[in-house]
Amino acid sequence: MAETLLKDIEEASGQIDALLKSVKAFIHADQSHDRRFADIHEGLRHTLVTLKYRLEDKNVQVIQHFDTEIPFVKIMIGELNQVWSNLIDNAIDAMENTQIPVLELNTRSDGKFVYVSIGDNGMGIPACIADRVFDPFFSTKPISKGTGLGLDIVSRIVKLHDGTVTLQSVPGRTEFIVCIPINS
């Protein structure tokens, strides 16, 4: 009994430590608006830790396919962390009524650009509104759940990096692909 309790305390302490480190990385990253060379995966991992509660609460399976050969990218770290956070948070919401929710993160590079794709197996975004999702104040969520600014912010931050963000969606699969120049 005491061993089990001690093990539970150790595990909880480890989870709290990981969360605090991720929050600290988010806070410190937001203090500078300078572009610095950074590991794109580090921001994605910190975002996953920060959103771990939501992911676990919704029983979301997370699949990561990270290209370990991607070079460091010249970015505004805090701003891109906000991009990852908004896209992942939206994906979690989109899978609300999905029996087995799956979030998939992929990274790759072609030598000039880094591509980060964040996909989910939620209901999808209907083609008739897909071209409006980046518009300010446009939301597919009820008023109490969203402001319609998340994807507008994502688009603006990606453009600050001289990049693009695109949407591909069919029923049961939505994917946002962020493309950023390695040395923007």
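This passage describes the sheet of a predicted model and the helices that pack on it. Residues are numbered from 1 along each chain as its sequence is written. In this predicted model, local features need pLDDT of at least 70 and side-chain atom pairs count only at pLDDT 80 or more, while totals for chains, interfaces and linings use all residues; side-chain values use heavy atoms, with hydrogens and water left out.

An open sheet of mixed pairing is formed by 5 strands in the order S2-S4-S5-S7-S6 (helices, H or I with at least four residues, and strands, E with at least two, are DSSP runs numbered from the N terminus; two strands pair if DSSP finds at least two bridges between them). S2 and S6 (164-170) are at the edges with a single partner strand each, so one side of each has no neighbour in the sheet. Neighbouring strands are turned against each other by 15° on average, direction ignored (axes are lines fitted to C-alpha atoms, for helices over the stretch in contact, and angles run from 0 to 180 degrees between N-to-C directions).

S2 (residues 61-65) runs parallel to S4 (residues 102-109) and is joined to S4 by 5 bridges, with His65 opposite Asn106 in S4. S4 pairs in the antiparallel sense with S5 (residues 113-120) over 7 bridges, and Thr107 has Val116 in S5 as its bridge partner. The hairpin of S4 and S5 has 3 residues between the strands, and Gly111 in this hairpin takes a positive phi near 95°.

S5 also pairs with S7 (residues 173-181), in the antiparallel sense over 8 bridges; Tyr115 stands opposite Cys179 in S7. Helix H4 (residues 77-94) packs on the sheet and touches S4, S5 and S7 (contact means heavy atoms within 4.5 Å), its direction making about 25° with that of S5. Helix H6 (residues 150-160) also packs on the sheet, touching S6 and S7, at about 140° to the direction of S6.
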